[in-house]
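Please look through the model below before reading on. The points that follow start with confidence and then move to the fold and single residues.

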Amino acid sequence: MAKFNHLMMNFFKMFILFILSTKVLSCYAQQKSSNSKIRDKKPIIQSRFNAYITDVKNDSNYAMLELKSIIPDLVYDLRYATTNNFTGKRIYPADLNTTFLRRTPALALRTINQELAKEGLKLKIFDAYRPYSATCRFWKLIKDERYVANPSKGSGHNRGIAIDLTLIDALTEEEIDMGTGFDHFSDTAHHSFSNLPKENLRNREKLKTIMEKNGFKALETEWWHYFWPNDKNYMIMDIPFRKLTALSSLE
Ligand SMILES: [Zn+2]
């Protein structure tokens, strides 16, 4: 009987894995048919937790660090865990209170927050690591590369090397005025847009200067988005937040 139960459990596990892989593949397949130019560029997605652990054991730069665990005074406003985002839909688990970056950019972010503290400022985080299946969900809803990453390419967020953030007052936690809010998709959000009050331009410049000084790169079209160079061939990942969180709490 125990053997039968064991067999049934294995069958059930295989079935779940099959369903999950079909989901990811169907996101890609849908993409493939809609754009023939990228037909052969199927991204390699790391969705097996054990494969991620092996990578981390070989090189600790691949580790995904929970940001508040190394920078406790960060403020999180994880918009995709709410309906307060440009899709109007909740994409992440509603109770999400963790966000991750790979080790090197996470440590750079800690330095940045320490430097900002000297000026009475700190960082507010809107998003960082984004599981690949969430990118598929965005694509299903929006299907416009101006606003969301194309699943055939994946994104810096999927690789744990991109972050969306702004500056806030360290005491009041009020956002510093950047001229537009987060995920405002028009040329007003571009770094090159100059038709804004001088104070807004100065604030954007302050964020850009400190991020770039510490190794991040700016994205011209979104003042809130910064990314780390993909110097270690960081893979696209589809590992849920809860699994990464469980690991962080063991470290
Ligand atoms: Zn972003």
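1. Over residues 30–40 the pLDDT (the predictor's confidence in each residue, from 0 to 100) stays under 50, and the model has six contacts for this stretch beyond four places in sequence. Two residues are in contact here if their C-beta atoms, placed from the backbone, lie within 7 Å. Where pLDDT is low, the predicted coordinates should not be read in detail.

2. The protein averages a pLDDT of 87, and 82% of the residues score at least 70. Residues 16–22 have a pLDDT below 50, and beyond near neighbours in sequence this stretch has zero contacts in the model. This is a predicted model: local features need pLDDT of at least 70, side-chain atom pairs count only at pLDDT 80 or more, and totals for chains, interfaces and linings use all residues. Residues are numbered from 1 along each chain as its sequence is written.

3. Seven helices and nine strands make up the secondary structure of the protein. Helices (H or I, at least four residues) and strands (E, at least two) are DSSP runs, numbered from the N terminus. Of the 251 residues, 32% count as buried. The burial classes rest on C-beta atoms placed from the backbone: a residue is buried if 20 or more other C-beta atoms lie within 10 Å of its own, exposed if 12 or fewer, and partly exposed in between. Among contacts between residues at least 6 apart in sequence, 71% join residues at least 24 apart.

4. How are the strands of the open sheet ordered? Five strands form the sheet, in the order β3-β5-β6-β8-β7, with mixed pairing. β3 (75–76) and β7 (217–219) stand at the edges with a single partner strand each, so one side of each is left without a neighbour in the sheet. Two strands count as paired if DSSP finds at least two bridges between them. Strands of a sheet pair through backbone hydrogen bonds, either parallel or antiparallel.

5. Strand β6 (residues 162–169) is largely enclosed by the rest of the structure, because six of its eight residues are buried. With strand β5 (residues 121–127), β6 pairs in the antiparallel sense over six bridges. Within that strand pair, Lys122 has Ile168 of β6 as its bridge partner. Three bridges join β6 to strand β8 (residues 222–227), again in antiparallel fashion. Ala162 stands opposite Phe227 in β8, and Ile163 stands opposite Tyr226 in β8.

6. β7 and β8 run antiparallel and are joined by three bridges. A hairpin connects β7 to β8 through two residues. Lys217 stands opposite Phe227 in β8, while Leu219 has Glu222 as its bridge partner in β8. Phe227 is thus a residue to inspect from both sides, with Ala162 and Lys217 opposite.

7. Which helices pack against these strands? Helix α4 (residues 103–117) packs on the sheet and touches β5 and β6, and its direction makes about 140° with that of β5. Helix α6 (residues 198–213) lies across β6, β7 and β8, running at about 140° to β7. For these angles, axes are lines fitted to C-alpha atoms, for helices over the stretch in contact, and angles run from 0 to 180 degrees between N-to-C directions.

8. In helix α5 (residues 132–142), the buried residues are Tyr132, Thr135, Cys136, Arg137, Phe138 and Trp139. An α-helix has 3.6 residues a turn, so residues three or four places apart point the same way.

9. Two residues deserve a backbone check. Most residues other than glycine have a negative phi, and most peptide bonds are trans. Lys143, just after α5, takes a positive phi of about 50°. Lys143 sits in the loop between α5 and β6 and is partly exposed, with 13 other C-beta atoms within 10 Å. Asp183 also has a positive phi, near 55°. Asp183 lies in the loop between β6 and α6 and is partly exposed, with 19 other C-beta atoms within 10 Å.

10. Lys89 lies in the loop between β3 and β4 (100–102). Lys89 counts as exposed, because the residue has 12 C-beta neighbours inside 10 Å. Not counting residues up to four places away in sequence, Lys89 touches Thr83 and Leu141. Lys89 and Leu141 are 52 residues apart in sequence and 9.1 Å apart in space, C-alpha to C-alpha.
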